[in-house]
Amino acid sequence: LEGCAVRGVELAAGRISAVVTERGRVAAQAVLVAAGAWSRLFCGNLGADFPQLKVRGSVLRTTPVEGGPAAAVNGRDFTCRKRADGGYTVSQFGASMADVVPDSFRLMRHFLRSWLANRDFVRLRFGKRFFEELGMPRHFPADRASPFERHRVLDPRPSERGIEQAWRRLTHAFPVFAQASILQSWAGYIDVTPDAMPVMDAVPRLPGLYLASGFSGHGFGIGPAAGEAMAQLIQGRTPAIDLHPFRYGRYGS
């Protein structure tokens, strides 16, 4: 149901029995949390600590280009992919931004090694986002407006510097793009885990609750297979793929 925030869940006899939304209760024997960058906050309100942070990625799209590369390009400095309208979607490695927020400190022991290994690709920034998340409640009842209603859409501004660098590197590598221009730029939050692998598992101590999140930028590619595997898991069938590498408890307590 689009445009309808989920506030929480209900339990009966120790199991998930319903989803509580801003428009009412929906009975359910099983609930799958696939909330992207919102998953940590939602799970944390239920007492499940999911180590997840957000990284802001910036992207641009060009006007149509004749004679540009037909194949998707994943280079050292940038990526580009031809669109159906003849333009290209372009992003830049190194333009991703991780805002320093309270969870950055809470989860430092999980993420520090990963950040040190990837600091050339993700820059840290301290700004107003820290105080926005500091003021966001981590625990909230299901009978009143939740943070998901106050902040319905995560729509951050793109990095102007990152967009400019991506455009400069694209036109340097492929001079044909000099005849094009930037039509649009945007940004989004990527939900990342310490090992850049998703969690696809039942949530411990909350029977009937399942989690599929933390895809770390790979969700569009593996989403269909992940959805099928989670459906099989929830139905009590053996998933077609081994989900052990994606278990909830692999990060420790």
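Ala, Val, Leu, Ile, Met, Phe, Trp, Tyr, Cys and Pro are counted here as nonpolar residues, Asp, Glu, Lys and Arg as charged, and the others, Gly among them, as polar. With these classes, the lining of the second largest pocket in this predicted model comprises 12 nonpolar, four polar and nine charged residues. The space in this pocket amounts to about 450 Å³, and of the 25 residues that line the pocket, Arg40, Leu41, Asp103, Arg106 and Glu133 are the closest to its centre. Two or more lining residues are given by each of the elements α1 (39-45), β5 (53-62), α2 and α4 (128-134), and the largest share, four residues, is that of α2. Arg40, Asp103 and Arg106 also appear in a network of salt bridges, in which they are linked together with Asp49.

Salt bridges were then considered for the structure as a whole, which holds 14 of them. Side chains of opposite charge can pair when their charged atoms come close. One such pair is formed by Glu149 and Arg7, whose closest N and O atoms are 2.9 Å apart. Because Glu149 belongs to helix α5 (residues 147-150) and Arg7 to strand β1, this pair ties together parts that are 142 residues apart in sequence. Glu149 has a relative accessible area of 15% and is therefore buried, and Arg7, with a relative accessible area of 14%, is buried as well.

A further salt bridge joins the side chains of Asp99 and Arg125, with an N to O distance of 2.8 Å. Asp99 is located in strand β9 (residues 96-99) and Arg125 in strand β10 (residues 122-125), so that this pair ties together parts that are 26 residues apart in sequence. Asp99 is buried, since its relative accessible area is 7%, whereas Arg125, at 35% relative accessibility, counts as partly exposed. The side chains of Arg144 and Asp143 likewise meet in a salt bridge, for which the N to O distance is 3.7 Å, and both of these residues are exposed.

On the surface, a nonpolar patch of about 370 Å² is made by Phe105, Met108, Leu112 and Leu116. Helix α3 (residues 108-117) gives the most to this patch, with three residues, while Phe105 lies in helix α2 (residues 102-106). Phe105 has a relative accessible area of 51%, and because residues count as exposed when this value is over 50%, Phe105 is placed in the exposed class. Helix α2 thus has a part in two of the features described, as it holds Phe105 of the patch and gives the largest share of the lining of the second largest pocket.

Backbone geometry was examined next. Ala13, although not a glycine, has a positive phi of about 55°; this residue is found in the loop between β1 (6-12) and β2 (15-21) and is exposed, with a relative accessible area of 86%. A positive phi, near 55°, is also found for Ser216, which is a residue other than glycine. Ser216 is situated in the loop between β13 (209-213) and α7 (219-234), and at 13% relative accessibility Ser216 counts as buried. His218 is likewise found in the loop between β13 and α7, but is partly exposed, with a relative accessible area of 46%. From C-alpha to C-alpha, His218 and Ala142 are 31 Å apart in space, and in sequence they are 76 residues apart.

Conventions:
Residues are numbered from 1 along each chain as its sequence is written. This is a predicted model: local features need pLDDT of at least 70, side-chain atom pairs count only at pLDDT 80 or more; totals for chains, interfaces and linings use all residues. Side-chain values use heavy atoms; hydrogens and water are left out. Patches are made of residues with over 30% relative accessible area and no salt bridge: like charges are joined within 9 Å, nonpolar side chains (Val, Leu, Ile, Met, Phe, Trp, Tyr) within 5 Å. Accessible areas come from the Shrake-Rupley method with a 1.4 Å probe; for residues, only the protein chains shown count as cover. A salt bridge is a side-chain nitrogen of Lys or Arg within 4 Å of a carboxyl oxygen of Asp or Glu. Buried means under 20% relative accessible area, exposed over 50%, partly exposed in between (1.4 Å probe, protein chains only). On a 1 Å grid over the protein atoms alone, a cavity is a set of points where a 1.4 Å probe fits but cannot get out, and a pocket is an open set with protein on both sides within 12 Å along at least five of seven lines; lining residues have an atom within 4 Å of a point. Grid points are joined across faces, edges and corners, and a volume is the space filled by probe spheres set on the points.
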